[in-house]
Amino acid sequence: MKLEKLEKDHCYHIYNRGINSGAIFKNDENKRYFLKLANKYFSGKIAILAYCLMDNHYHIAVRITTDEKRATQAFSNLFNAYAKAYNNRFKRTGSLFEKHFKRIRIKDETYLRNLIVYIHTNPENHGASNDFQDFTFSSYPDFLTERKTNPLKIEKEEVVALFGDMENMTYVHRKNLGNLGGDVDIDLQGFENLAGLDAENLASHEDHSDFTKPLTNKPEHLKDRFYNYIQNLQNTITSKLEEIDEKATFKEDIWKRPEGGGGRTRVIENGNIFEKGGVNISKVHGELPKSMQTYFGVEDANFFACGLSLVLHSKNPMVPTVHANWRYFEMYDKKGNMVDQWFGGGQDLTPYYLFNEDAVHFHSVCKKTCDAHSPEFYPTYKKKCDDYFWNTHRNEARGVGGLFFDYCKKTETMAMSDWYDFVTEVGNSFLQAYIPIVAKRKNLAYTNKQTDWQEIRRGRYVEFNLVHDKGTLFGLRTNGRIESILMSLPPHVQWRYDHHPEKGSEEERLLKVLKKPKEWI
């Protein structure tokens with residue numbers, strides 16, 4: 001993913017969290033050591049305007065005072081040195097932070113003022129402190145008194161000047177505590193608002209679905225819990241795909257839906273392996289459109305929906321296309337009472353040249369995941385997948401199937417928390433199901449004729465998505481973002497009139513399997 005350049009004399013919001021939302025600071029000693037390292041590596045390169053250190057994430061507002069290379073290296077030195085010391089201290093290995101530290105360029109003084117208020121009030125807004133003014137590991141106490149406990153130098157005069165004087169700075173902080181929307185012109189898109197949600201919704205603690213959720217014992221709503229999960233899963237999957245491709249990286253695009261909500265689209269193109277692919281998350285809400293009210297048989301309903309959807313099209317026709325989706329839906333009456341909720345999702349494989357062992361592997365992972373929850377799940381959801389991904393007008397399957405499940409609601413034997421556990425375990429199994437196939441097939445030789453066949457079969461993939469797919473129809477009917485909805489379409493496709501493969505060919509063998517879904521296990 002393309003990251004902002006750290007340019008001299010410009011201000012930035014720097015932030016990150018622990019891998020899988022885990023802790024990066026286990027005690028005060030850790031936080032003091034982090035600040036000590038920051039002072040060491042930032043000296044002469046980075047000016048600190050504001051910061052706060054929470055247990056599983058941090059926020060820093062900075063002004064760059066050196067060239068891009070030295071500034072970037074200063075941050076890298078800090079995070080690498082701290083992670084190494086943390087791992088040694090707690091006898092752990094592996095990454096401590098998410099892959100890249102995030103940075104957002106500050107566009108104007110209004111944005112910067114609101115960012116500073118947001119950073120300083122973050123501890124109280126998230127329940128980590130009863131009074132943000134007393135939170136030790138924030139820069140705000142430095143503006144009230146001279147402290148010797150925290151070694152990080154703050155550009156106090158520069159910050160106070162943004163607010164006019166200290167009295168007004170205190171007033172603005174207090175006025176906007178817990179009210180990120182309020183009367184101020186704040187644009188949270190890109191840091192707090194990773195999904196492009198409006199600031200009014202972000203002001204509600206119950207609707208915080210961003211990466212900054214604190215480590216507290218507060219109960220989470222199921223929708224928040226699942227949205228946090230798919231944010232983490234998106235990071236995990238895109239990082240692994242970049243790693244195996246070894247060339248292309250994901251371009252990130254954050255978008256807003258005018259009626260409520262938005263999403264974070266990540267697209268990869270022209271790589272060594274992946275010709276085109278996307279791993280998208282969205283979180284949308286509002287009044288259910290009339291067409292969808294008719295579809296669900298309800299009147300005057302509101303809804304909430306979030307999910308992760310991915311499609312990957314490879315350059316090599318020996319590497320199959322894969323699709324996966326995991327989603328959660330809630331429906332409300334006009335009084336805001338939830339009247340229905342369910343999970344859905346699945347994952348399926350679409351090969352162009354059939355290697356039986358690949359299909360067996362993919363289905364074996366699906367079955368193992370299902371069996372951990374019920375022996376009935378795999379045969380049931382495998383058949384549903386065969387039925388759903390059936391191109392009726394062609395009388396053939398789109399691919400070799402996998403899993404498909406929808407309307408997973410509370411029953412006598414399955415609570416909604418049980419469905420959450422099942423759906424998230426399927427999501428966690430995706431890379432295990434797909435990446436070994438990619439690794440095995442990515443370097444196989446292929447001909448132009450085989451690429452032609454791949455593109456002809458891609459045409460059938462497109463037909464299904466535009467004619468039959470419920471996800472595509474839902475996105476279009478709820479005014480979703482067109483670029484994200486149609487991300488699933490491959491870049492090169494052929495439609496040949498009345499095309500038939502040669503008798504006895506590998507292409508014909510594939511078609512015979514697609515005409516009659518097979519039991520792979």
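**Exercise 1. Burial and overall organisation**

Determine what share of the 521 residues in the protein chain is buried, and how many helices and strands the chain has.

*Solution.* Step 1: in this predicted model, buried residues account for 55% of the 521 residues of the protein chain. Step 2: the secondary structure of the chain consists of 16 helices and 13 strands. Step 3: of the contacts between residues at least 6 apart in sequence, 70% join residues at least 24 apart.

**Exercise 2. Nonpolar cores**

Identify the residues with the most contacts inside the largest nonpolar core, and the element that gives the most to this core.

*Solution.* Step 1: the largest nonpolar core comprises 67 residues, and those with the most contacts inside it are Phe-226, Leu-310, Trp-326, Phe-343 and Phe-430. Step 2: helix H12 (residues 416-441) gives the most to this core, contributing 13 residues. Step 3: apart from neighbours within four places in sequence, Phe-430 contacts Ile-237, Leu-310, Leu-312, Val-322, Ala-324, Trp-326 and Gln-347. Step 4: a second, separate core has 59 residues, including Ile-14, Cys-52, Leu-162 and Phe-163. Step 5: the general background is that nonpolar side chains tend to be buried together in soluble globular proteins.

**Exercise 3. Geometry and packing of helix H10**

Compare the expected span of helix H10 (residues 356-371) with the distance between its end C-alpha atoms, then establish where its buried residues lie.

*Solution.* Step 1: the expected span is 1.5 Å times one less than the number of residues; for the 16 residues of H10 this gives 22 Å. Step 2: the end C-alpha atoms of H10 are 22 Å apart, in agreement with that expectation. Step 3: the buried residues of H10 are Asp-358, Ala-359, Phe-362, His-363, Val-365, Cys-366, Thr-369 and Cys-370. Step 4: viewed down the helix axis, these buried residues fall within an arc of 150°, and therefore line one face of H10. Step 5: an α-helix has 3.6 residues a turn, so residues three or four places apart point the same way. Step 6: the buried residues of H10 pack against strands E9 (321-332), E10 (338-350) and E13 (401-408), and against helices H11 (377-388) and H12.

**Exercise 4. The environment of Asn-391**

Classify Asn-391 as buried or exposed, and find the backbone oxygen that lies 3.1 Å from a polar atom of its side chain.

*Solution.* Step 1: Asn-391 lies in strand E11 (residues 390-391). Step 2: its relative accessibility is 0%, so Asn-391 counts as buried, the cut-off being under 20%. Step 3: the backbone oxygen in question belongs to Arg-460. Step 4: not counting residues up to four places away in sequence, Asn-391 touches Glu-396, Arg-460, Glu-463, Phe-464 and His-468.

Terms used. Residues numbered from 1 in each chain as written. Predicted model: local features only at pLDDT ≥ 70, side-chain atom pairs only at ≥ 80, totals over all residues. Heavy atoms only, no water. Core = buried A, V, L, I, M, F, W, Y, C linked by side-chain atoms within 4.5 Å. Buried < 20%, exposed > 50% of the residue type's maximum accessible area, 1.4 Å probe, protein only. Helix = DSSP H or I, 4+ residues; strand = E, 2+ residues; numbered from the N terminus. Contact = heavy atoms within 4.5 Å. Arc of directions from axis to C-beta. Polar contact = N/O pair within 3.5 Å; in protein donor to acceptor, adjacent residues only side chain to side chain.
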